[in-house]
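Reader: I'd like to go through the labels in this model one at a time and see what each of them rests on. Shall we start with the strands?

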Amino acid sequence: MSPVYTIHQIRLNSVVPAVTESNANNNWIQRQFSRLTKNWRFRIKNEGRAKPPDWFLDKFAAQTFTDPEEPLYQAQRSKLLCGMKLAFDPTLPTHYNWLAVVSLAILYNVVFVIGRAVFWELDNLTSVWFVLDYLCDFVYLVDTVIHIHEGYLEQGLMVKDAKMLRHHYLKSSSWKYDLLSLIPTDIAYYWWPPGSCDHMHLPCPVIVRLNRLLRLPRMWEWFDRTETATSYPNAFRICKVVMAILVLIHWNACLYFAISYAIGFGTDNWVYNLTGSRNGSLTHQYIYSFYWSTLTLTTIGETPQPEKDAEYLFVVADFLAGVLIFATIVGNIGSMISNMNVARVEFQNKMDGVKQYMAFRKVSGELEARVIRWFAYTWAQSGALDEENVLSSLPDKLKAEIAIRVHLDTLREVRIFQDCEPGLLEALVLKLKLQVFSPGDYICRKGDVGKEMYIVKRGRLQVVADDGKTVLATLSAGSVFGEVSVLEIAGNRTGNRRTANVRALGYSDLFCLAKRDLWEALGDYPDARNTLTERGCQLLRKDGLLDEALFESAQTTQQSLEETVHKLETTVEMLNNRLQGLLADVGEEQAEMKQRMNNIEVRMLEDEVDELPSDDDVTSSDASELKSEIAKDLASGYSEAPMTSVNDSSLVASQSMPLRERGHSFCVLRTTALLHAPPEPRSKSLRIKRIQNESSE
């Protein structure tokens, strides 16, 4: 082996591990980057988060909607953005959180761009301002990409096609403000370098970033969504108004300081005076300007007297703006505060009315105390919310789903709801009425006529004996009672009477379901009705209150009645079909019979014409007149023949008018008077001859 080969082999052996290590490092970096992008995508799209299954909600709640399999409603993944889908659903919580970030960036520019442009010491305070500025610019840029690809609803479906989203964005007016807010006006720093401003040179170069304020509509969008989503809209409105007040005062303070610079610091008593170490500090400059702005906009007016015309004009404009702005703001805040307490005021008015009634009617103090305690409990539990009025604007489907989720713990314990169909559960939940009972109240007494069944939502109840002391059972949340008296079970020895005394042990919330509502809901669900009836029979058998013979007889009778009704329906339908067929046949036969009768009449007329006599009194003119009349009769006979359709059997059956009204025709309606009338000759010659014979006699 040559020395050259050995050296070359040693070099190769030393290079290969280095290359292998480099490849390993690159693969590790790629894996970490892929894992990071995958986690980021899952976090943004809320994918891959498994939740524990809930069989009750899965059975009754609405199913998750999947987008239609059409390109218009499917988001495509972008290769430039690490496989992210280039479509953003504005209804997702992640989009709302992103709008909050954008709002912070906008608020930063609203406050500090104008502040740094006027207060030079604030602009020269730190170099971190440039980091924050360009971080906000980056947020603006990302927000523009998101805004371009925000989904929108078309025919109720979310459009996610990137091309359609861009086209929709360009048709709106938002792209103009987004484009203007992204113009890199910071290029002016090249000719107007930062840090070159002082009390002799204002404003500062940061004033060129005022175009960043054109992104304000995105912050209003976040405000609107927050006001809609929050459970405390009035409190949020007050916070929003307070923030608007502070921003207005801040801008007016900056404007006052800028006018003081334009007129000249310390030239009179109205403008700001920079002389002195205290007045030269940033803190005192801003606080004094803010104080002056607050007094002016609130129209308090305890500020130095203006001395120049420009100062007077500025103060007058500030006073007018303050009157208009703060009158609106104070009015809105007053209405918000009153709306926050409107529920409490209404509840207090109701309670005061009840108190006045009890005092007028001299109700006992014990009962009055119970009523007041009931009011206090109702307010503490629900704030006196009227659930029916609050949810009245929602469709039944959403109301039922809200009720299922709100009363989920109670409905889980109800056996009938566990076994029933989703449609029946929705129907029953919408018919439940919430009732609150005080301690010691009897929900029902033994022997009362049962008109409702009850489901315990909260509290504990006792089933007591007739003496009121012996406790037979205790009912808790999810228990159902009273269904025996509303089921109307045949064989129940008590009829529809209550079989037990039920008393509230403490404050108890119960759902009440009326008998009529129950049977209306069970009408379309026979299986659930049979299940509930069987449970009622078990309770009656347990107490020995069910007459088995009568129950079996009623069941048999009901089954036989159902079978009989079904057979009758089948028979009626069959008879109806046969009747329709018979009517059609009768119509056809009647039409054929009338046609034959018309043919017979025509033949008789022809025979009478042939048998005309050749008397002397019958002239040629009479013969011609007779022939013309016969021709008219023949024509009228054909024209009066009914053109009856075969299928129009009802018209044929109901038609009873005669075809012709001449003599003893076959189509004349035969009445009693017509049967006794002498026959009249049909031919005119015969009638003339008869008249002549009668006159000669």
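Author: Sure. Helices (H or I, at least four residues) and strands (E, at least two) are DSSP runs, numbered from the N terminus, and two strands pair if DSSP finds at least two bridges between them. This is a predicted model, where local features need pLDDT of at least 70, side-chain atom pairs count only at pLDDT 80 or more, and totals for chains, interfaces and linings use all residues. Residues are numbered from 1 along each chain as its sequence is written, while side-chain values use heavy atoms, with hydrogens and water left out.

Reader: What makes E6 and E7 a pair?

Author: Strand E6 (residues 461–464) and strand E7 (residues 471–475) share four bridges in the antiparallel sense, so the requirement of at least two is met. You can walk along the pairing: Leu 461 has Leu 475 in E7 as its bridge partner, and Gln 462 stands opposite Thr 474, also in E7. The hairpin has six residues between the strands, and there Gly 468 takes a positive phi near 80°.

Reader: Why are E4 and E7 called edges?

Author: Look at the strand order first: E4-E9-E6-E7, an open sheet of four strands with antiparallel pairing. Strand E4 (442–444) and E7 each have a single partner strand, so one side of each is left without a neighbour in the sheet. From one strand to the next the twist averages 30°, on a scale where angles between N-to-C directions run from 0 to 180 degrees and axes are lines fitted to C-alpha atoms.

Reader: Which strands are the edges of the sheet ordered E3-E10-E5-E8?

Author: That one is an open sheet too, with four strands and antiparallel pairing. Its edge strands are E3 and strand E8 (480–481), each pairing on one side only.

Reader: How do you know that E5 and E8 pair?

Author: Strand E5 (residues 452–458) and E8 have two bridges in the antiparallel sense, and at least two is the rule, so they count as a pair. Ile 455 stands opposite Val 480 in E8.

Reader: On to the cysteines. What makes Cys 197 and Cys 204 a disulfide?

Author: Their sulfur atoms are 2.2 Å apart. A disulfide is a pair of cysteine sulfur atoms within 2.5 Å, so the label holds. By this rule the count comes to one disulfide. The link of Cys 197 and Cys 204 is right-handed, with 85° about the S-S bond.

Reader: Why is Cys 197 called buried?

Author: Its relative accessible area is 4%, and buried means under 20% (exposed is over 50%, partly exposed in between, with a 1.4 Å probe and protein chains only), so Cys 197 qualifies. Cys 204 is buried too, at 0%. Two other cysteines get the label as well: Cys 136 at 8% and Cys 537 at 0%.

Reader: And why does Leu 135 count as partly exposed?

Author: Leu 135 has 48% relative accessibility, so it falls in the in-between class. The residue lies in helix H5 (residues 128–148). With Val 128, Val 131, Leu 132 and Phe 138, Leu 135 forms a nonpolar surface patch of about 460 Å² of accessible area together. For that label, residues need over 30% relative accessible area and no salt bridge, with nonpolar side chains joined within 5 Å and like charges within 9 Å. The 48% of Leu 135 clears that bar.

Reader: What makes Arg 370 and Asp 441 a salt bridge?

Author: The N to O distance is 2.4 Å. A side-chain nitrogen of Lys or Arg has to be within 4 Å of a carboxyl oxygen of Asp or Glu, so the pair passes. Arg 370 lies in helix H13 (residues 365–382) and Asp 441 in the loop between strand E3 (433–437) and E4, so parts 71 residues apart in sequence are tied together. Arg 370 is partly exposed, at 29%.

Reader: Which residues are linked in a network of salt bridges?

Author: Among them are Arg 116, Asp 123, Asp 186 and Arg 212. Asp 123 and Arg 116 have their closest N and O atoms 3.1 Å apart, and both are buried. Asp 186 and Arg 212 meet at 2.7 Å, and these two are buried as well. In total, the structure holds 19 salt bridges.

Technical notes:
Areas by Shrake-Rupley, 256 points an atom, 1.4 Å probe, with all protein chains shown as cover.
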